[in-house]
Amino acid sequence: MGPTTDEHIDLGSLLRPGTRGIAAPGCAVCESARITRIALELEDGSHVEFTNCLDCDHRVWMRGDEVLSVERVLDSARRRTG
Ligand SMILES: [Zn+2]
């Protein structure tokens, strides 16, 4: 049993109006609104957000306004073993 993800994470703070180029309300590729967003805390304590588009299957990891490579996320997550 791992820690459960709190539902009260303030996603609204990531979607400030006037902030351009990041955290678009829809998919960054096809602009679909049919996306899934999941906020996670990695083993190293960083908070990341995973977005998955249900239409074009585009997937992106974000930390704040920074786009993370999958390799970097996996590297952080991998530290839980050992
Ligand atoms: Zn899309």
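Student: In this predicted model, what is the bridge partner of R37 in β2?

Tutor: The partner of R37 in β2 is T51. R37 falls within strand β1, residues 35-41, and T51 within strand β2, residues 47-53.

Student: What makes β1 and β2 a pair of strands?

Tutor: Two strands pair if at least two bridges are found between them. Strands β1 and β2 have 7 bridges, in the antiparallel sense, and therefore meet the requirement of at least two.

Student: Which residue takes a positive phi in the hairpin of β1 and β2?

Tutor: G45 does, with a phi near 90°; the hairpin has 5 residues between the strands.

Student: How do you know that β2 and β3 pair?

Tutor: The same cut-off of at least two bridges applies. Strand β3, residues 59-63, shares 4 bridges with β2 in the antiparallel sense, so the two strands count as paired. In β3, W61 is the bridge partner of F50.

Student: In what order do the strands form the open sheet?

Tutor: The 4 strands follow the order β1-β2-β3-β4, with antiparallel pairing.

Student: Why do β1 and β4 stand at the edges?

Tutor: Each of them has a single partner strand, so one side of each is left without a neighbour in the sheet. From one strand to the next, the twist averages 30°.

Student: What pattern does the protein follow along the sequence?

Tutor: The pattern is β-β-β-β-α, in keeping with a secondary structure of 1 helix and 4 strands.

Student: What makes a residue count as buried, and what percentage of the residues do so?

Tutor: A buried residue has 20 or more other C-beta atoms within 10 Å of its own. Of the 82 residues, 7% count as buried.

Key. Residues numbered from 1 in each chain as written. Predicted model: local features only at pLDDT ≥ 70, side-chain atom pairs only at ≥ 80, totals over all residues. Helix = DSSP H or I, 4+ residues; strand = E, 2+ residues; numbered from the N terminus. Axes fitted to C-alpha atoms, helices over the stretch in contact; angles between N-to-C directions. Buried ≥ 20, exposed ≤ 12 C-beta atoms within 10 Å, placed from the backbone.
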